[in-house]
Amino acid sequence: MREILDCDVAVVGGGIVGGSAALFLRRMGFSVTLLERDWCGAKASGVNFGGVRRQGRPLEQLPLSQRAHAIWGRLPELLGTDAEYIRSGHLKLARSEADLESLIAYRERSAGFGLDLEIVAGDEFRRRFPALGDRAVGGSLCPEDGHANPRLVSPAFARAAAAAGASVREQTPLDRVERDGDRFVLLSGEALEVRSRFLLNTAGAWSHRVADAFGEPVPLVSLHPNMAVTEPLPRFLDVNIGVEGGGVYGRQAPRGNMVVGGGRGFALDADRARPQRDAVLTLMRDAAELFPQIRHAHVIRCWTGVEGYTPDRNPIIGPSRTTPNLFHAFGFSGAGFQIGPGVGEALAELVRDGRSSAPLDAFRIDRFPPDTTATP
Amino acid sequence: MSAAPHTLLKPVIVGAGPAGIRAAEALVAAGLRPVVIDEAARWGGQIYRQPPEGGFVRPKSALYGFEAGKADAVHRAMATIRDRVDYRPRTLAWNCEERALDLLCDGATEVLPFSHLILATGATDRVLPFPGWTTPGVFTLGGSQVALKFQGCAVGRRVTFLGTGPLLYLVAYQYLKAGVEVAGVFDTAPFDAQARAAAGMLRDPATLAKGLCYVGWLRAHGVTIRNNVRPVRVEGGERVEALVWTQDGREERTPCDAVAFGLGLRSETQLADLAGCRFRFDAMDRAWLPERDPAGRSSVAGVYLAGDGSGIAGADAAEAAGERAALALLEDAGLAFAHERAATLDHKLARIAAFRRALSAAFPFPDDWAGAIADDTMVCRCEGVTAGALRAVATTGQAREINRAKALTRAGMGRCQGRMCGAATTELLARALGTGPDGVGRLRAQPPIKPLPVAAEPASGGSAS
C-alpha cells in the first residue's frame, strides 16, 4: 500500500543545505518531509575537507556566509553537538609578494562584511606561525574562521530536523516529481507519495534532475575534489590553511590527523568517484613541501566525493523561473559546507516570506541562458 | 577472445604465496613472463613464509611440520621459474585504477599497467575483541606463527591458545615442538561439533589425520584442551599475566605471559574492490567476497581471483586455484588451454570445498561472542572506538550500516582501515541491529590499501615492462 504524506514543504536532498532548511522550517512551524536517496549528509556535505571558511569567497556570497557564521556559533544549541567545530582561524598563505598584494586587495574589498581580516607578513608571520617557516611571505588571517568534522555536522542537521518533527526519509530516492494544481507530488517507487505546497531542490550534484523535471536545464557538472589524511601526528597546526591562487589546503584535526586536499578524483559513475593516482601523488608532494611536519608520516586514506559545479562557481539559490513555490539551492562548486546552514535559513525565509533577508540576486538561476550546456 | 601475441600480454600476479606461485608457474609454462608482486622479502606467502635470508637456519621440517614437503615444493617451483618472471619482492600494490596497479617499493611509487591480473592476496586473522585483548602479550594466531617461522622466537614463555579453527591446534603444536610451554588450548567450538563434522572431514583423511595428530600430540604432552570456551578477560597491565575463561558457566584462570588467539581467517579483498569486482555475501566466511567462477574469473574481464584472498579454503586449495586461474587466463587470451589439467584442478577444488564445509561445521564461528562484548571494550584500536560507542549509533538509529557507523564513530578509519577491526565491527553492529553480518553492508575500500609514506616519490625511469 502506498503511504501518502501531506506537508507544507518537501525537501529533496538531506545534505547540509536540505537538512538545515528542514530544521529552520520546523522551527518556523511548517510541516516538512525530507527525502534522501542515501543517508543524510553522506555525500559532498559529509565527505568534504571540513573547512569552515568565509575568507576568500566572492563578495556576493559574504552576506549569506556571515549569517551561516552566526549559525555555526550556535551548533551545540541547534544540534546538541559541536561536531569538532573549532574557530581556529583560517590563514590564506601568500607564496609571493604578488599573492600578498592580492590578499591585501581582498581585505580592502571585503572590509564592510565583518571578516576582520588581518594581514601578517615578514618576521611577524614567522614569529606567529613558526610551523609554516619561510614557505610563505605572509598571509591573511580570518581569526573566526575554522574547521569542523563534516561526517558529524551534516548528518546532525537532518537528525535535529527529525527531532524537531520533520519526517526524514533516508534510503528514499525521488523517482518522479510533478505539479498537481497548487501541490507538488513526489513519488518514491510505489511505496511513498509526498504532497506539498513548497518544494526545495537541495539535491547537490544531482539537483539538475529536479530542475530538468520542471523545464529548467542548468549547466551543472560533477567534479571530485581529492583529499587525503595522515595518521595522527603531534599537534603542530591550529589554523586551517589555504593558499592564495589555489593548490593544496590543509588542517590538523583535533585527533592529530592532518587532512589535506588538492587536485581532482574521477567518476566511477554518476553516483560514485575515486581519488585519482596522479592527483594523490601530486597532493602528497605538495603537502609535504608546505607542511614538512608530515614528511615522515603516512597517508592512511584518500577519498573524494561528488560535488556540483556551475560555470561561474557561484551557487544557484532562489526561486525557480518556471514553477511557483519551487526553490533551488545547489551548485556550491566545492564551497558549500560553511555557507550551507545560512542557505538553509534563507530557504526557510523564502518559504515563509517569499523573500530572504540576505541578497540572493547573484545566485539567480536565470543568469544562465536556458540552453547553456555544461562544461567542466 | 582472439589470440594475442605473447609479447602484448602483461599478466601481473599479486601475491607470492601458494596461489601466486602456482599461477606464475602455469603462465611461465605457456611462455609468458608474468610480473609477481609480493609484500614479503622472500616468496612463500604467510603459510610457507621463509625466514630472512642470511640469518638463522632452521630445517623446513621444524618450520612447517607435516607441510614441509608442500612448502618445499612451492618454494622450489618459484626458484625454478625465478629467471622467467619479473619478481618484485618487498612491494606493496596500494591501488588499482584503470587497468594498472600502483606499487610502492623501497619508498618509490610506480604505475604498473596490466593486461591480465591475478589477485592472490591471501588472508589475515579474524579477531573479535574481549576485555584485555589489547594488553601487550596478546597476539593473533597467525602473528604467533609468523614470530616462530620468521623471527625464530616465541610470543611468550608460557602461552595460552584461544579461538577456533585448525590454526588453533597447529600453532599450539608448533609452539610445543619449539619448546614453549603451552598453558592451554581453549576452543570456542563445542566438542560435539567436531565429532559430528568428522564424517564430512573423512573426505580428506590425510588432512583429518594431521589434525588429529596435532590434538593427540598436545594431549600426550599433558596440554589442557577445552571446548566450548569463552574468554572472560586477559589480566595484566604492562604484560599478560593470565587468561580468565569460562566453560559451561564455570570460570577458571590460567596464568600465562602470552595469549595467541584467532577465529579463523578473513580475506584481503581491497584490491579486488578497487579493481571493480562485484562482491557477494558468503555465509560460511561471514564476509563479503569478490565473486569468482569455479575457474577464478572475477566479474571484471581479465581480473582473476585465487587463494584465500577471495574466500578461505587453505593452502592446498590456493595452489590448485592459482594454477586454475592461470589456465583460465590463458584460455581467455586465446592461448593453448590445458583442458584435462583444468578438469583435474576443478575436481580437486570441489573436493577441498566439501572438506572446508565440514571444517567450518567443526569449528563454528562463535556468533554469541559479539553480543557479549562489554561496552567499554575497545573494538577499533587505531581510533580507540569502544563497543559501546558502536552500539550507541546503531541503537539510536543513526547508523543502519557499517560505512555510516564508520563515519560517525571513526571505527575502521585508522591505520588499518578496518582490515583488523572490520569483522568485529560487522558482527557487533549486526547484533545491535538484530540482523546478520550480511545485513550491515561492507566497508568500501579506498586507496591506499595500506599506509603510504607521504614522502613516496615516483621511481626514476618510469614503469618497467
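## Contact between the chains

Chain A brings 25 residues to its contact with chain B, and chain B brings 22. The model is predicted.

On the chain B side, four elements each supply at least two residues. Two of these are strands E4 (91–97) and E6 (108–113). The others are helix H13 (402–409) and strand E23 (452–453). Helix H13(B) gives the most to this side, with three residues.

The side of chain B that touches chain A holds 12 nonpolar residues. Six polar and four charged residues make up the rest of that side.

## Strand pairing across the chains

Strand E23(B) also pairs with a strand of chain A. Its partner is E19 (residues 298–303) of chain A. Two bridges join these strands, and they run antiparallel.

Which residue of E23(B) stands opposite Val299(A)? That residue is Leu452(B).

## Domains of chain A

The domain assignment splits chain A into domain 1 and domain 2. Domain 1 is written as three segments: 3–50, 151–219 and 312–367. Domain 2 is written as two, 89–144 and 222–309. The centres of these domains, taken over C-alpha atoms, are separated by 30 Å.

The domains of chain A are in contact through 14 residues from domain 1 and 13 residues from domain 2. On the domain 1 side, seven of the residues are polar. Five are nonpolar and two are charged.

Terms used:
Residues are numbered from 1 along each chain as its sequence is written. Chains are lettered from A and ligands numbered from 1 in the order in which they are written. This is a predicted model: local features need pLDDT of at least 70, side-chain atom pairs count only at pLDDT 80 or more; totals for chains, interfaces and linings use all residues. Two residues are in contact if their C-beta atoms, placed from the backbone, lie within 7 Å. Ala, Val, Leu, Ile, Met, Phe, Trp, Tyr, Cys and Pro count as nonpolar, Asp, Glu, Lys and Arg as charged, and the others, Gly among them, as polar. Two strands pair if DSSP finds at least two bridges between them. Domain bounds come from an automatic or database domain assignment.
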